[in-house]
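Open the model in a viewer and keep the sequence panel in sight. The stops below each give a selection and what to look for there.

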Amino acid sequence: SPRDLVVRLRRQREPADARQIGNMLFTSSVVLARWILAHAHKFRGRRVLELGSGLGLAGIAAARVSSECTLTDLPQFVPNLRYNIQMNADFIECGSMCTTSAQPLDWLCEDEAIDTSPRCLAGHRQPHIIIGADVVHERWMADSLCRILKCNLAPQGTAYIMNPEAKARAGVEEFCRNLLESGFQFTVDTISEASLVVGHEQECNDVRQELYVIKRIVSDGTELVTDAQHLRENETIVQT
């Protein structure tokens, strides 16, 4: 049904002790996908980039409500990403005529984060929105994520990062410090809406999911885009 989003968990059989995280489904991805669909107005007419897509659940949800969506992950996970996009073509088209693609991107590699940036992957146009789910779980990842956001997020763009709280993931506190040092301002909201955590209540009670809403700090006196401004811009985009 076009109302259902379905993903294939693994591209091939593999021993349980050898599973790679890109072939697994995490609570953060489920909660972020539901949050995106519940806040579709923030994505209408926007170009979206997903980092560390894994199975692509959140990215496919974003594709349903945006105009262009690029899902990225390590090369070995891209074939399954493309399969999941194709399998959900009706789901995506039911909500929008989004241009959706999957591309390899190792944003943890400093050279690739700079030289093979999402600007190239998305036709040399910076994404208005960058999303990611459970993308900080080691201390050394915090700097890489801040770098890719700084290099690629549009000047008045927004990043939405869903991540388990600091007690469950190393690197979260470093990520917050690095954001401030990299010229970003951000808010952190704990996700507690029943409609977003249903099916994961116990896990979300034990480990809270937190949504980071990240914007650049504008130093020239220009105000950041507000939600009201975004809606007015979006109405213009949709009508043209």
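How many salt bridges does the structure hold? The model, which is a predicted one, holds 5 salt bridges.

**Stop 1: Arg169 and Asp134**

Select Arg169 and Asp134 and show their side chains. The two form a salt bridge, and their closest N and O atoms are 2.9 Å apart. The pair links distant parts of the chain, 35 residues apart. Arg169 is in the loop between β5 and α8 (172-181), while Asp134 is in the loop between β4 (129-133) and α7 (141-152). Is Asp134 buried or exposed? Asp134 is buried, with a relative accessible area of 9%. Its partner Arg169 has 23% relative accessibility and counts as partly exposed.

**Stop 2: Arg139 and Glu174**

Next, select Arg139 and Glu174. Their side chains meet in a salt bridge of 3.1 Å, N to O. Arg139 lies in the loop between β4 and α7 and Glu174 in helix α8, so this pair ties together parts that are 35 residues apart in sequence. Arg139 counts as exposed, at 56% relative accessibility.

**Stop 3: Glu165, Lys167 and Arg208**

Move to Glu165 and Lys167, whose side chains meet in a salt bridge at 3.9 Å, N to O. Add Arg208 to the selection: Glu165, Lys167 and Arg208 are linked in a network of salt bridges. Within this network, Glu165 counts as buried at 8% relative accessibility, whereas Lys167 is exposed, with a relative accessible area of 64%.

**Stop 4: the rings around Trp35**

Turn now to the aromatic side chains. The structure holds 5 aromatic pairs. Select Trp35 and Phe43 for one of them: an edge-to-face pair, with 6.4 Å centre to centre and 80 degrees between the planes. Both residues are buried.

Keep Trp35 and add Tyr160. The ring centres of Trp35 and Tyr160 are 4.9 Å apart and the planes are at 50 degrees, so this pair is tilted. The two residues come from distant parts of the chain, 125 residues apart: Trp35 is in helix α1 (residues 27-38) and Tyr160 in strand β5 (residues 158-164). Trp35 counts as buried at 6% relative accessibility, and Tyr160 counts as buried at 6% as well. With all three residues shown, the ring pairs link Trp35, Phe43 and Tyr160 into a cluster.

**Stop 5: helix α1**

Select the whole of α1, the helix that carries Trp35. α1 has 12 residues and reaches 17 Å from its first C-alpha to its last, close to the 16 Å expected at 1.5 Å a residue. How many of the residues of α1 are buried? The helix is mostly covered, with 9 of its 12 residues buried. Colour these buried residues: Thr27, Ser28, Ser29, Val30, Val31, Leu32, Ala33, Trp35 and Ile36. To see what they pack against, show α2 (57-65), β4, β5, α9 (194-197), α10 (201-206) and β7 (209-216).

**Stop 6: the cores**

Which residues touch the most other members of the largest nonpolar core? Select Leu32, Trp35, Ile36, Phe43 and Ile131, which have that place among its 38 residues. α2 gives the most to this core, with 7 residues.

Now centre the view on Ile131. Leaving aside neighbours within four places in sequence, Ile131 is in contact with several residues, including Leu32, Ile36 and Phe43. Other contacts of Ile131 include Val48, Leu49, Leu51, Ala58, Ala62, Tyr160 and Ile161.

Apart from the largest core lies another core, of 23 residues. Select Trp107, Cys146, Ile148 and Ala159, which are among its members.

**Stop 7: Phe91 and Arg64**

Finish at Phe91, which is placed in helix α4 (residues 89-95). Phe91 counts as buried, at 4% relative accessibility. What sits over the ring of Phe91? Show Arg64: its charged end sits over that ring, 4.4 Å from the ring centre. Then select Ala63 and draw a distance between C-alpha atoms. Phe91 and Ala63 are 9.2 Å apart in space, C-alpha to C-alpha, and 28 residues apart in sequence.

Terms used:
Residues numbered from 1 in each chain as written. Predicted model: local features only at pLDDT ≥ 70, side-chain atom pairs only at ≥ 80, totals over all residues. Heavy atoms only, no water. Phe/Tyr/Trp six-rings, centres within 6.5 Å; stacked < 30°, edge-to-face > 60°. Buried < 20%, exposed > 50% of the residue type's maximum accessible area, 1.4 Å probe, protein only. Helix = DSSP H or I, 4+ residues; strand = E, 2+ residues; numbered from the N terminus. Lys NZ or Arg CZ within 6 Å of the ring centre and 35° of its normal. Salt bridge = Lys/Arg side-chain N within 4 Å of Asp/Glu carboxyl O. Expected span 1.5 Å × (residues − 1). Contact = heavy atoms within 4.5 Å. Core = buried A, V, L, I, M, F, W, Y, C linked by side-chain atoms within 4.5 Å.
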